[in-house]
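Biologist: Could you walk me through this structure? I am new to it and would like to start from the basics.

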Protein chains: 2
Amino acid sequence: MSTGLPSRDDLIGALSWKMRRLSGETVLFHQAIADRLGINPTDLKCLDLASGPEPVTAGRLAEVSGLTSGAITGVINRLEKAGLVERQPDPDDRRKVIIAVRPDVPMTVMGLFGSMSHSMLELCSRYEEHELALVLDFVSRAADTMHAEAIKLQEKPEKQEKTERPEKTEGAEKPEKAEKTGKPTVDA
Amino acid sequence: MSTGLPSRDDLIGALSWKMRRLSGETVLFHQAIADRLGINPTDLKCLDLASGPEPVTAGRLAEVSGLTSGAITGVINRLEKAGLVERQPDPDDRRKVIIAVRPDVPMTVMGLFGSMSHSMLELCSRYEEHELALVLDFVSRAADTMHAEAIKLQEKPEKQEKTERPEKTEGAEKPEKAEKTGKPTVDA
DNA sequence: TATCTTAGCTTAGGAAGTAAGATACTAGGA
DNA sequence: TCCTAGTATCTTACTTCCTAAGCTAAGATA
């Protein structure tokens with residue numbers, strides 16, 4: 001308001017706001033992709049996890065996605081129904097089920113991401129290499145920070161610098177759940 | 001592998017990977033905050049929307065969150081049960097319900113975000129102002145790009161540069177849902 | 001062979017969403 | 001004033017997708 005140039009604090013405030021917005025928009029974008037494929041975002045995440053170079057079993061998928069085996073059965077059923085993957089028996093261990101992504105699916109998904117990746121390339125073309133390197137450095141450290149802070153919050157569910165919540169005035173007294181209760185989305 | 005210095009393409013590839021990771025970590029972080037408050041991420045988002053300078057009604061909350069009025073009733077019930085907000089009658093229009101965030105809640109939430117914001121300040125302190133300005137510029141444009149691309153995907157559910165999906169080999173033939181079917185999270 | 005472990009599926013139950021309708025209130029004429 | 005239309009929230013029925021626990025088939029071990 002006074003100098004015309006943003007102060008360092010203004011910059012940092014704006015940056016954290018924009019980063020939050022970017023995150024929200026990213027979620028929305030993936031939701032849109034999933035809608036186009038006729039699946040939900042959890043399924044899309046699993047499809048992505050299954051699209052790596054080496055074959056993945058249902059159990060492995062449960063492990064990396066953080067879902068239970070029952071949930072993964074549902075995910076695979078939906079992906080199979082949508083024609084995106086196939087269940088294949090593992091010849092070495094007949095208990096296992098290999099999730100084979102249909103060969104044309106990577107191209108399909110690439111097609112959906114196509115406009116996006118074009119736009120991102122265009123965005124990047126506006127910057128010098130050393131500038132991109134700087135952004136990469138920042139984003140990379142920010143991701144590490146976010147991860148560390150999430151872990152911190154998860155690991156010590158006890159007092160957090162004395163920020164006491166007051167008692168509820170009336171009615172149902174059970175604020176102590178704070179555990180996996182319902183329907184989380186994929187987290188890995 | 002050859003020059004030792006990353007190429008421009010390598011940079012861009014790494015950047016898009018790290019941005020994706022950042023987005024995932026952000027979601028996880030907010031999940032952790034919500035867990036600590038004993039609510040779900042949708043509720044946290046609504047609490048945030050209700051925490052602005054001016055009072056918000058249930059209907060307004062439904063509008064900005066993209067949820068139905070029925071869903072908002074559930075959100076408010078949970079937030080009220082957790083002792084985070086109160087329903088207050090609007091003196092001017094007795095149909096309306098004002099969602100009043102309890103006065104101590106902003107501090108409580110600040111407490112939870114405290115370590116995070118400290119770490120982010122520390123991260124920012126490693127950079128010059130012009131560097132922060134550059135990152136802000138990039139992130140800001142990236143968010144706009146993401147938004148535009150999500151809209152694009154939502155708006156023309158027809159052909160997308162001829163990336164045809166093949167017919168399913170057998171079983172239930174109904175790949176044409178691609179609409180709001182189930183249980184989205186807050187999107188605004 | 002008998003038993004333990006592992007992998008995936010099935011089932012029961014719960015959380016949280018939508019859509020549609022009920023309820024209560026406001027507002028605008030006749 | 002009374003009737004009617006519109007608005008704001010809540011309620012109900014139903015759907016989706018998750019967890020937890022149990023089941024079955026297959027591999028591993030003694």
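The conversation below goes through the chains, their interface and a few residues.

Modeller: This is a predicted model, in which local features need pLDDT of at least 70 and side-chain atom pairs count only at pLDDT 80 or more, while totals for chains, interfaces and linings use all residues. Residues are numbered from 1 along each chain as its sequence is written, chains are lettered from A and ligands numbered from 1 in the order in which they are written, and side-chain values use heavy atoms, with hydrogens and water left out.

Biologist: How many helices and strands does chain A have?

Modeller: Chain A has six helices and three strands; these are DSSP runs, helices being H or I with at least four residues and strands E with at least two, numbered from the N terminus. Along the sequence of chain A the pattern reads α-α-β-α-α-β-β-α-α.

Biologist: What share of chain A is buried?

Modeller: Of the 188 residues in chain A, 39% are buried. Buried means under 20% relative accessible area, exposed over 50%, and partly exposed in between (1.4 Å probe, protein chains only). C46(A) is one buried residue, with a relative accessible area of 0%.

Biologist: Now the interface. How many residues does each chain bring to the contact?

Modeller: Chain A brings 89 residues and chain B brings 89 residues, contact meaning heavy atoms within 4.5 Å. The two chains bury about 8700 Å² between them, and 65% of that is on carbon and sulfur atoms. Buried area here is the accessible area (1.4 Å probe) that two parts lose on being put together, summed over both.

Biologist: What about polar contacts across it?

Modeller: There are 22 residue pairs in polar contact between chain B and chain A, both residues being at pLDDT 80 or more. A polar contact is a pair of N or O atoms within 3.5 Å; within protein, one must be able to donate a hydrogen and the other to accept it, and residues adjacent in sequence count only if both atoms are side-chain atoms.

Biologist: Which helix of chain B gives the most to the side that touches chain A?

Modeller: Helix 6 of chain B does, with 23 residues.

Biologist: And salt bridges, how many lie between chain B and chain A?

Modeller: Four salt bridges lie between them, each being a side-chain nitrogen of Lys or Arg within 4 Å of a carboxyl oxygen of Asp or Glu. One of them joins R21(A) and D144(B) at 2.9 Å, N to O. R21(A) is in helix 1 (residues 8-37) of chain A, and D144(B) is in helix 6 of chain B. D144(B) is partly exposed, because its relative accessibility is 40%. R21(A), E25(A) and D144(B) are linked in a network of salt bridges.

Biologist: Which residue does R20(B) meet in a salt bridge?

Modeller: R20(B) meets D48(A), at 2.6 Å from N to O. R20(B) lies in helix 1 of chain B and D48(A) in helix 2 (residues 41-50) of chain A, so this pair joins two chains.

Biologist: Where is S119(B), and is it buried or exposed?

Modeller: S119(B) is in helix 5 of chain B, and it counts as buried because its relative accessible area is 17%. Its side chain makes a polar contact of 2.6 Å with that of E149(A).

Biologist: Last topic: how many disulfides are there over all chains?

Modeller: The structure holds zero disulfides, a disulfide being a pair of cysteine sulfur atoms within 2.5 Å.
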